[in-house]
Amino acid sequence: MRNGHADQIARLIEPGRVHRSVYTDPDLFELELERIFSRAWLFVGHASQVPEPGDYITTELGRQPVIMCRHRDGSVQVLLNRCTHRGAKVVNERKGHASRLVCCYHGWAYDTDGRLVTVPVPEGCGEGFDKEAFGLARAPRVGEYRGFVFASLAAGGPSFEDHIGPMKGNIDDLVDRAPDGELALDAGMHRYVYNGNWKLQLENVLDSYHVPFGHASTVNKDGVQFARREGDSKGAAVIETKKKETAGSWRDRKSFIVGNGHGWTSNTTLDDGKRSSPAFDAYKRVLVDKVGAERANEILTPRLHNSLIYPNMSIMGLNIHVRVIKPIAVDRTEVTIYPIRLCGAPDAMNFGNIRLLNVTHSAASFVQTDDLESFVRAQKGLQSSLTDWVDISRGLGDEEPDRDLNATRGLATHEMVVRAQYKAWLGYMREAA
Ligand code: FES
Ligand SMILES: [Fe+2]
């Protein structure tokens, strides 16, 4: 698939199935970088990662290196990490602090808003050399909602509001849990690379079907996580076979879609009385003090959690974290998982959440490692060319409107959210960039 004609691409997606080449064809992968990752709204980072002027992080949007930094005027800038002299990547570190961004090659120095400020040995520059014309390129469009920074590398296309709008409630759902109304992604990260296509991780984020099977070592047959007790002699977590009760079973859980490839699953109250611990009780007291008992109760009964914001991030509401999915090659993907600190919550509550995430989503964890294994096996299985189609038909035709949430609803063990992702995929992929 080299030139990606619209009708050729359209033949890869049918109502309940996807052609295997969308996971395995390197030419299609190149087209994805061009048609999705070079124009969609992508999550770049969170404002709390660059709290002070001069703070920066670096990442890639698709394959394009970018710097997200805080300028002196307080604004968050998304700059292309490419020297305007001879093209070197200007900032090499993943994060840091600098008053000037200085290229290692010939020392051109940029301000934190991308303006070129110093060119060494300036007498070598031609007469009409204009520093103003040599600033770092900026992402043409940047949008922010409650600290979540997104950028599009295309000047045109749907606005940030149109893209993110329906998912604002999901962001609110999580941010409101912080007594100070703010999150901080400042507790490090888990990062791993797996040998599989990027869409395998995307499809998995809201897949409730796999939970009791893919995670058989950590959940029981009803998809309920076993309770965990810490502190055997080595300080390792011990899995108890005692079932932790949660409201509603795995089979009844619902998924929702709202267009643009986005979706979420509903979940249970955080305050079911069985989760009570000194840390949680102290947190709840702080929250009630700030927002009142009634609102605290609403906040602790999130309706919109475990969200996927297509095409490169998710906000997980149970083991709270932000996940960023970065395609590297058709069969190679990087996943970064950021623990979330709820600003204003007692330290014990935040530490507890981060420790739980270490157990479920570190590189040596009980949960995420299961999924990575499934992705790698899917990628291997899909090398088989005697079966062309991947089935995503569970619950096809069973979707129903949810007027209350202004969304379309289905069972979370169905594949409605995956079909919605491919609808969005097709929308990007059919149109030449
Ligand atoms: S390539 Fe950056 S200063 Fe020359
Ligand atoms: Fe999983």
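Me: How are helix 8 and helix 10 oriented to each other?

Reply: Start with the general idea: a pair of packed helices is described by the angle between the axes and the distance between the axes. Now the case here, in what is a predicted model. Helix 8 (residues 278–291) and helix 10 (residues 347–361) have axes that come within 8 Å and cross at roughly 125 degrees. Angles of 65 to 115 degrees count as roughly perpendicular and those over 145 as roughly antiparallel, so this pair is oblique. As for handedness, helix 8 passes helix 10 in a left-handed crossing.

Me: Which residues make the contact?

Reply: From helix 8, look for Ala279, Phe280, Ala282 and Tyr283; helix 10 brings Ala348, Met349 and Gly352. Sorted by class, the contact has 6 nonpolar residues, 1 polar and no charged ones.

Me: On to sheets. In what order do the strands of the open sheet run?

Reply: The order is 1-2-24, with antiparallel pairing among the 3 strands. Strand 1 (13–14) and strand 24 (389–391) are the edges, each pairing on one side only. Between strand 1 and strand 2 (residues 17–19) there are 2 bridges, and Ile13 sits opposite Val18 of strand 2.

Me: And which domains does the assignment give?

Reply: Domain 1 covers 42–145 and domain 2 covers 161–429. Their C-alpha centres are 33 Å apart. Domain 1 puts 9 residues into the contact and domain 2 puts in 14. On the domain 1 side, strand 3 (42–46) and strand 11 (141–145) each give two or more residues, and strand 3 has the largest share, 3 residues. By class, that side splits into 3 nonpolar, 5 polar and 1 charged.

Notes:
Residues are numbered from 1 along each chain as its sequence is written. Chains are lettered from A and ligands numbered from 1 in the order in which they are written. This is a predicted model: local features need pLDDT of at least 70, side-chain atom pairs count only at pLDDT 80 or more; totals for chains, interfaces and linings use all residues. Two strands pair if DSSP finds at least two bridges between them. Helices (H or I, at least four residues) and strands (E, at least two) are DSSP runs, numbered from the N terminus. Axes are lines fitted to C-alpha atoms, for helices over the stretch in contact, and angles run from 0 to 180 degrees between N-to-C directions. Angles under 35 degrees count as roughly parallel, over 145 as roughly antiparallel, 65 to 115 as roughly perpendicular and the rest as oblique. A crossing is left-handed if the near helix is turned anticlockwise from the far one by less than a right angle, and right-handed if clockwise. Two residues are in contact if their C-beta atoms, placed from the backbone, lie within 7 Å. Ala, Val, Leu, Ile, Met, Phe, Trp, Tyr, Cys and Pro count as nonpolar, Asp, Glu, Lys and Arg as charged, and the others, Gly among them, as polar. Domain bounds come from an automatic or database domain assignment.
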